[in-house]
Amino acid sequence: MRIGVIGTGYVGLVTGACLAELGHEVCCIDSDRAKIDRLLAGDCPIYEPDLPALIARNRMADRLSFSSHTADGVSSSDVVFIAVGTPADSDGEADLSFVHAAARDIAAHLRGFTVVATKSTVPVGTGDEVEAILAAHASDVETAVVSNPEFLREGCAVGDFLKPDRIVIGAETSRANAVMEAVYRPLTARGCPVLFSDRRTSELIKYASNAFLAVKISYINEIADLCEDIGADAAFVAEGMGMDARIGGRFLQPGPGYGGSCFPKDTQALLATARKADATLSVIAAAETANRRRKRHLGARVAAATGDLTDKVVTVLGLAFKAGTDDMREAAALDLIPDLQARGATVCASDPEAIVAARPKLPGVAFFRDAYAAAQGADVLVLLTEWPAYASLDLERLHRIMRGHRLIDFRNLFDPEAVARAGFDYISLGRPASRRSIAALGHGAAVIDRMQSALQSPDVD
Ligand code: UDX
């Protein structure tokens, strides 16, 4: 099939390259000439593992092209995807001006029957607006507007696209369904399930999914706080919960509060949709408030663990909103670091990928690519992003080069026993302050013994 993708941002580029990988002939369009020039020169403008290789391979195979002329991606395409940005406006509502502009632009270049599919995350009813724009500006051409949301996580977007849990297609006609079914046939043939729904339902599935995951994270974060207060271990609580197939174990990892371009924006946009419809989404509102409060209180947590921060050196390991990306949008570091500075601390920071993006947002911070260089002479080490490389840092070496020996782990990345062995005073999430590890406890060892003997000779009721 011939496919056009409008917008070469994160979603557009991943979508275009992956659709080409599925065997389609794809043209990615962007009005930003400089971006297209970079892509044509073989430079990938975003950090995403596997994407540069995928782009190169599909360009070599002549299945993927880039252009700043909309006609190149629209005139002879069976399907045109809209994958432009939908930033939040000041009320938390999604700003649809780029989507509307893309629809007008597409309308100007349509030739024959074309499916226009929205990949951008858009509020319920946006498909109707796109349809109205196409009808107004291209009344002589038949079109079908479809909602086809993406569920791509930064850092593993290529894998998420090529091996999705599900494909959601929201269309109003069987002709549109058939075209979209053909787009994804290489994936459905491998067993990927597809859900066909009407367009508004599909638009809501995207928001409802992201908001649910946001609720799940806020939920486990609050349970982790409770664990600290009452002497339980959040890792075991999450594991025990996750073993129930109805709950599932993923997205139950306590952390500094969710960030990124999607969860904060999408929860706010869904709340704005509910406000407009005079509906109540109190659970999502609570999750959103809890997350904002959590990020605002990170500095207070560090201060509570270390005392007065005046003239202390705090080293923050990890700046990106999560591992596997250079994205600083809504990253916890943007709340924590200015707060530490306001409390009188000097902040040093390190990140394998995000320093370029972080530098303009975090004045007064000394940045180091090397984690050991960042930790040299520090009083406190704060682990904020769960980069796998940090898990294998030499703790003894860190202990030797630091002035103080407190390690605050907002991702539970480190093994409490290894940290204690290295001589650190260790604070992590959802583990009671009085015990650093269940195995280090007398009664913890007894629990493990009991578990082991139960496994060897299970009781049968
Ligand atoms: C998300 C959605 O997962 C994806 O489907 C969507 O369409 C785009 O938004 P992304 O923002 O890339 O993807 O990151 P994700 O891996 O979902 O993490 C979001 C935030 O939640 C991060 O800040 C992460 O650190 C946090 N998180 C995630 C936790 O704190 N705990 C968890 O268990 C999982």
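In the predicted model, 16 residues of domain 2 are in contact with 15 residues of domain 3. On the side of domain 2 that touches domain 3, the elements giving two or more residues are α10, α11 and α13 (282–296). The greatest contribution to this side of domain 2 comes from α10, with three residues. By residue class, the side of domain 2 that touches domain 3 consists of seven nonpolar, five polar and four charged residues.

These two domains belong to a protein chain for which the domain assignment gives three parts: domain 1 (2–197), domain 2 (207–294) and domain 3 (297–430). Taken over C-alpha atoms, the centres of domain 2 and domain 3 are separated by 24 Å.

The ligand is surrounded by 19 residues, the closest of which are Q253, G255, Y258, G260 and C262. The shell around the ligand lies between domain 1 (2–197) and domain 2 (207–294), because both domains give residues to it. Helix α10 gives the most to this shell, with three residues. In terms of chemical character, the residues of the shell comprise 10 nonpolar, five polar and four charged.

An unreviewed UniProt entry carries the annotation "binding site" for F151, L152, R153, E154, K206, F251, L252, Q253, P254, G255, G259 and K322. These positions are spread over 172 residues of sequence, and they are also spread in space, with up to 23.2 Å between C-alpha atoms. Two of the annotated residues, K206 and L252, are described here in further detail.

K206 is found in helix α10, which covers residues 199–230. The residue counts as buried because 26 other C-beta atoms lie within 10 Å, where the cut-off for a buried residue is 20 or more. When neighbours within four places in sequence are left aside, K206 is in contact with T121 and P149.

L252, by comparison, is found in a loop, namely that between α11 (234–242) and α12 (263–276). L252 also meets the criterion of 20 or more neighbours and is therefore buried, since it has 21 C-beta neighbours inside 10 Å. Again leaving aside neighbours within four places in sequence, the contacts of L252 are with K216, I220, A238, M241 and G242.

A further feature recorded in the unreviewed UniProt entry is "domain: UDP-glucose/GDP-mannose dehydrogenase C-terminal", placed at residues 315–416. Over residues 315–416, the chain is 30% helix and 19% strand. The C-alpha atoms at the two ends of this stretch are 19 Å apart.

Attention may then be turned to strand β13, which comprises residues 406–409. This strand is covered on both faces: R406 and I408 lie on one side, L407 and D409 lie on the other, and all four are buried. Strand β12 (residues 380–383) runs parallel to β13 and is joined to it by four bridges. Within this pairing, L381 stands opposite L407 in β13. Strand β13 also pairs with strand β14 (residues 425–427), again in the parallel sense, over three bridges. Here, R406 has D425 in β14 as its bridge partner. Strand β13 is thus described by its pairing with β12, its pairing with β14 and the burial of residues on both of its faces.

Note on methods: Residues numbered from 1 in each chain as written. Predicted model: local features only at pLDDT ≥ 70, side-chain atom pairs only at ≥ 80, totals over all residues. UniProt positions renumbered as here; feature names shortened; annotations may be inferred. Buried ≥ 20, exposed ≤ 12 C-beta atoms within 10 Å, placed from the backbone. Contact = placed C-beta atoms within 7 Å. Near = placed C-beta within 6 Å. Nonpolar A, V, L, I, M, F, W, Y, C, P; charged D, E, K, R; others polar. Domains from an automatic or database assignment. Pairing = 2+ DSSP bridges.
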